[in-house]
Amino acid sequence: MLKKIYAAPAILAASAALALAACGGPAASSGTSSTSASGGGVVNITWQTMWSGNTLTLLNQMISQFNSTHPDIHVTESSIPSATGDAKLLSEIAAGDPPDVFTEWNPVLGEYAGDGTIQSMAPYLTGSYAGLEKWLYPIALAGGEYNGTLYGVPMGMNSWALYYNKSMLKAAGISSPPTSLAQLYTDQAKEWKISGGKLEQIGFYPSYNQGMEYFDSFFGAVNCFDSSGKYALATCPGAQAEANFLASYDSYPYSLVAANETAYGGVAGGDDDAFVAGKEGFTMDGPWEGAQNIPVTNPAMVGNFGVIPFPNTVGGPSTFGQGNYNIIPKGAAHPQQAFEFIAWLAGYNNESFMTSLYPKGGWMPTSPAGAATPAFQAWLKSNPWLNVYIEQMSSPLSQTPKLTAHESEFFTAEATASEAIAEKSETPQQALTYIDQQANSGAGG
Amino acid sequence: MASTAVHKVTPTRLIRWRQTRLGLLFISPWVIGFCLFYLYPFFATLYYSFTTFTGIGNPAFTGLSNYSGLLHDATFRTALFNTFYYTIIEVPLSTVAALGLALLLNLNVRGQVIYRTLFYIPSIVPVVASSLIFVWIFQPSFGIVNSLLSDVHVNGPAWFFSITWSKPTFILLGLWGLGQPMVIYLAALQGVPKEMYEVAALEGAGPWQRLRKVTIPMISPVILFNVILSLVLSIQYFTQAQVIESPAGSPGNSTMFFVTYYYQQAFTDLHLGYASAMAFLLFILVLIITVVLLKTSRRWVYYENEGR
């Protein structure tokens with residue numbers, strides 16, 4: 001009970017102290033979620049997400065399907081802005097009124113699992129759900145595990161590869177996309193156009209808005225820990241190679257690239273970027289870039305791009321396990337039904353329906369069984385470039401970052417370090433040391 | 001043994017007590033709200049600032065470790081510097097600009113209402129929207145500002161994305177929201193008695209002297225109010241920087257403001273104890289600045305009823 005009492009005041013307190021300092025308006029209240037008890041044999045559960053726009057429409061389709069096929073459970077969705085999503089969840093848990101299901105980006109799971117914010121799903125992996133863990137892709141399973149226990153199940157996976165602009169490649173006199181990092185560097189160098197201090201076209205810039213974490217798997221640097229389990233990137237050969245790779249692009253104008261990407265990102269709800277706009281030769285991104293961003297934001301680019309595995313240095317195609325995972329917050333009123341819904345969202349015994357929606361969200365399936373469905377195969381057939389992503393999902397080289405209680409600090413530090421390398425304010429080695437210090441210290445309370 | 005006469009409630013006292021009780025009843029919603037949403041959180045923040053806490057579970061008392069951590073935190077020092085840099089330039093600049101604009105809009109010219117409306121409109125544009133507009137205006141490669149500069153053969157900087165120029169650009173963006181103080185100044189200017197200007201003019205005062213000797217002293221309480229408000233808002237600068245810069249504080253932590261760092265600590269890294277210490281320091285900071293300003297205001301603020 002004590003635990004319930006503490007968090008809401010803390011979050012409210014921190015916010016309100018600012019408000020008090022400002023002599024400003026009232027602090028925002030945490031609001032309520034509407035988990036109602038079962039009535040008439042139907043259990044009402046709430047699903048809280050941080051999505052909006054087109055994705056929200058997709059979620060509503062899922063809910064309608066689930067509700068129509070599960071007469072004993074009724075799901076209601078509530079969406080809150082991502083900027084306050086986590087804070088709201090913590091307030092709700094502290095107030096003893098959390099949603100039954102919450103969709104979260106998986107790197108945060110370690111932190112939540114570590115302090116008991118979310119529930120283990122192990123008790124529910126029995127009966128018809130006993131095979132769920134084996135059904136998932138190994139990298140999808142690893143993304144939801146903390147200390148060997150399942151805390152989150154994905155509803156769609158991310159996968160990462162290299163896009164190239166066909167017409168820009170041709171204009172640069174290059175006949176085929178690169179197969180090595182050195183070739184990538186040489187090819188993209190031919191595509192930059194800077195005139196009178198103005199950036200007209202980008203070849204490739206590896207780190208903007210996609211910090212080191214997104215490139216870790218291509219360099220074998222996903223899990224760089226020392227023997228005591230602490231982050232040890234500064235002594236990790238993969239991380240060193242990766243940091244040097246990022247630094248090799250520091251002769252290009254980072255500030256102009258950042259300015260371009262921010263300007264494009266401010267359009268179409270962030271679905272636009274220099275590659276989508278046809279102003280960048282190469283970009284490292286997920287399937288949603290080609291499946292959703294390009295067709296919606298710049299249809300002229302459809303058919304003018306190709307996708308290849310990132311030309312990595314460690315022996316073959318790979319990606320890293322990451323995605324949107326559904327979790328059961330501590331204190332959820334109906335964890336059993338919540339788990340049932342979560343497994344359904346993952347596509348477990350529901351492969352056909354869920355994979356039929358993936359083309360709209362630009363997601364990858366969570367299991368090989370999902371990838372084998374006729375709906376998904378049809379999508380692959382009409383968009384052969386997607387094969388790169390799906391092949392990487394089961395590649396033995398693909399890895400998932402181990403969930404730790406300091407993943408947030410690690411991620412923040414990697415983003416800051418990437419920028420420091422790009423700005424040349426730190427050497428690659430200094431940047432790696434900085435990441436280790438920040439992630440291991442868990443600075444502050 | 002007590003005398004009943006001593007304790008006898010006189011009708012006047014009874015009426016006064018009833019009035020007090022009624023008054024308390026009327027203001028009780030505000031008092032309850034203040035206690036619940038300001039006073040309690042304030043003391044709770046103070047308590048949490050001495051603990052390690054992630055939002056769930058029991059906070060662990062750690063004494064002054066969060067405060068000593070702040071002393072040794074280089075990013076915190078950078079955030080403080082950036083915030084003071086912004087405040088020290090933005091507050092005087094916006095005060096002079098808003099007052100100047102109000103003086104111009106107070107002139108009796110044709111289309112006065114249209115001008116007033118035009119200059120006020122920007123302040124009702126949502127901050128996020130205006131921030132994104134400014135990203136495009138100051139976009140170094142295809143923004144309008146650098147296009148105009150290149151017309152006069154000047155290579156414009158990267159503005160928001162340059163370590164050198166990022167803070168000055170945010171200061172320029174701050175001027176976009178001048179409508180609010182401008183309207184307050186305009187209202188104050190219209191409250192200055194016309195007779196005072198007539199007398200000053202009769203005694204040979206020119207426009208500059210009338211401004212210095214009549215207008216500014218007469219509206220000085222309003223200037224003080226706006227300056228305090230502007231100071232507090234500047235010290236809490238957050239939204240625009242958070243919307244425009246990614247990762248937070250970029251480039252090179254040049255836009256890591258106090259509240260940006262606070263937000264990162266509290267809601268990204270879930271260091272609620274550390275963030276509480278920051279919030280409490282912010283409160284102390286604002287309190288000190290406000291008190292100093294109010295104390296010094298006795299020298300330059302003219303209150304009519306004081307007869308000075």
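Start by selecting A:Asp86: 24 C-beta neighbours lie inside 10 Å, so A:Asp86 counts as buried. The cut-off for that label is 20 or more. Keep in mind that this is a predicted model.

Now widen the selection to residues 82–94 of chain A. This is helix H3, and A:Asp86 sits in it.

Next, add A:Phe102. Along the chain, A:Phe102 and A:Asp86 are 16 residues apart. Draw a distance between their C-alpha atoms; the separation is 9.7 Å.

Leave chain A and select chain B. How many helices and strands does chain B have? Colour by secondary structure: there are 14 helices and 2 strands. The radius of gyration of chain B is 26 Å, while the globule rule gives 19 Å for 308 residues, so chain B is more spread out than a compact globule.

Turn chain B along its principal axes. Its C-alpha atoms fill a box of roughly 100 × 70 × 30 Å.

Colour chain B by domain. Which residues belong to each domain in the assignment? Domain 1 covers 4–48 and domain 2 covers 73–306. Mark the C-alpha centre of each domain in chain B: the two centres lie 38 Å apart.

Stay with chain B for two overall figures. Shade by burial: of the 308 residues, 35% are buried. Then show contacts between residues at least 6 apart in sequence. Of these contacts in chain B, 67% join residues at least 24 apart.

Notes:
Residues are numbered from 1 along each chain as its sequence is written. Chains are lettered from A and ligands numbered from 1 in the order in which they are written. This is a predicted model: local features need pLDDT of at least 70, side-chain atom pairs count only at pLDDT 80 or more; totals for chains, interfaces and linings use all residues. Domain bounds come from an automatic or database domain assignment. Helices (H or I, at least four residues) and strands (E, at least two) are DSSP runs, numbered from the N terminus. The radius of gyration is taken over C-alpha atoms; the globule rule is 2.2 Å times the number of residues to the power 0.38. A residue is buried if 20 or more other C-beta atoms lie within 10 Å of its own, exposed if 12 or fewer, and partly exposed in between; C-beta atoms are placed from the backbone. Two residues are in contact if their C-beta atoms, placed from the backbone, lie within 7 Å.
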